[in-house]
Every structure is written in structure tokens, then in C-alpha cells.
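Visitor: I'd like to learn how to read a structure like this one. Could you walk me through it?

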Amino acid sequence: LELDAGLAASLRGHAERLRATQVRVQTGDALAGLRSAPPGVWDIVFLDPPFGDVASGGNETLFRQALAAALPLLNAQGWVYLEAPRAWSDEELQVLGLRCHRHGKAGTVHYHLLTRAAPLTMANGDNPPP
């Protein structure tokens, strides 16, 4: 899902050149699309929200909304690939139900490969209250 029609066309072109027949690129609002997609069946969700003004905190709300919308879409072994202007901490991801499998940095972009976090448990083995 890409809001910019030109970028969506470029992504379609890449998919065609790679013969990626299972890739579907749509033009539209990504958050709305994620929220309306079928849950629990996706192997991977790629997220690359606009970074915004990084000096003033960037688009933190948008990143959190995108991660929260992506999690219900994943199947049990699903992944989220996230590009962001900063590294996301284990604590931030845990709150969202995710954990970082791998993180790296290329130039100014931090990339993360995320998966479902194990549920938090208390010392006696019970889950914490919601």
C-alpha cells in the first residue's frame, strides 16, 4: 500500500521485473488498508512510513499505529520488516506485542526484522492483567 501513485507504479515495475507474482501493490492509505486486511494470514508486512522531521520526533504516532495495525495481520510465524529513522528498543516493541529478531543500520535508516513477542509472564507463571 503506497499513497504516492508514482512510487506505487515504481514498486509494481520492480515486482514485474522480479517476476514476483505473489506481490500486489495498491495505491492508497496504508493504515486504512492494514486495518481492513484479513487478520492472521500474512507471512510478512513491510513498513516504511514517512520519517517526518526526525529532529522534532518524526512521525512516532504513525510508526506506532502502523506497527499496531500490522501485528494482527501476521500468521503465527509472521514477520514485520520496519524501516525507521531510529532503532526501536526491546521495551517499546514489547508493549506493542513485538520483539526484534534482527536490527541494522544503512546510512541514516534503521531496519528491523520483527516477530511476535512471547507473552509477558509474572513470577508465578501467570500473565499480567490487561
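Guide: We'll go through the sheet, then the pocket, then two single residues.

Guide: A word on the source: this is a predicted model, where local features need pLDDT of at least 70 and side-chain atom pairs count only at pLDDT 80 or more, while totals for chains, interfaces and linings use all residues. Residues are numbered from 1 along each chain as its sequence is written, and side-chain values use heavy atoms, with hydrogens and water left out.

Visitor: What is the strand order in the sheet?

Guide: Strands (E, at least two residues) and helices (H or I, at least four) are DSSP runs, numbered from the N terminus. Two strands pair if DSSP finds at least two bridges between them. Here you get an open sheet of 4 strands in the order E1-E2-E4-E3, with mixed pairing. E1 and E3 are at the edges with a single partner strand each, so one side of each has no neighbour in the sheet. On average, neighbouring strands are turned by 15° against each other, direction ignored.

Visitor: How many bridges join E3 to E4?

Guide: There are 8, and the two strands, E3 (residues 98–106) and E4, run antiparallel. Within that pairing, Arg99 has Thr115 as its bridge partner, and Arg102 has Leu113. The two strands make a hairpin with 2 residues between them, and Gly107 in the turn has a positive phi of about 65°. On to E2 (residues 74–84): 6 bridges join it to E4 (residues 109–116), again antiparallel, and Glu83 stands opposite Tyr111.

Visitor: Which helix lies across the strands?

Guide: That's H3, which lies across E1, E2, E3 and E4 and runs at about 165° to E2. Such angles run from 0 to 180 degrees between N-to-C directions, with axes fitted to C-alpha atoms, for helices over the stretch in contact. Contact means heavy atoms within 4.5 Å.

Visitor: What is the volume of the largest pocket?

Guide: First, the idea: on a 1 Å grid over the protein atoms alone, a pocket is an open set of points where a 1.4 Å probe fits, with protein on both sides within 12 Å along at least five of seven lines, and lining residues have an atom within 4 Å of a point. A volume is the space filled by probe spheres set on the points. In this model the largest pocket comes to about 1400 Å³. Its lining has 36 residues, with Leu1, Arg24, Val45, Phe46 and Leu47 nearest the centre. E1 gives the most to that lining, with 6 residues.

Visitor: Is Asn75 buried or exposed?

Guide: Buried means under 20% relative accessible area, exposed over 50%, and partly exposed in between (1.4 Å probe, protein chains only). Asn75, in strand E2, has 16%, so it counts as buried. Leaving aside neighbours within four places in sequence, Asn75 touches Gly40, Val41, Trp42, Asp43 and Arg116.

Visitor: Where does Gln26 lie?

Guide: In the loop between H1 and H2. Gln26 has 36% relative accessibility, so it is partly exposed. Apart from neighbours within four places in sequence, Gln26 is in contact with Leu1, Glu2 and Arg12. The C-alpha atoms of Gln26 and Leu3 are separated by 8.4 Å, though the two are 23 residues apart along the chain.
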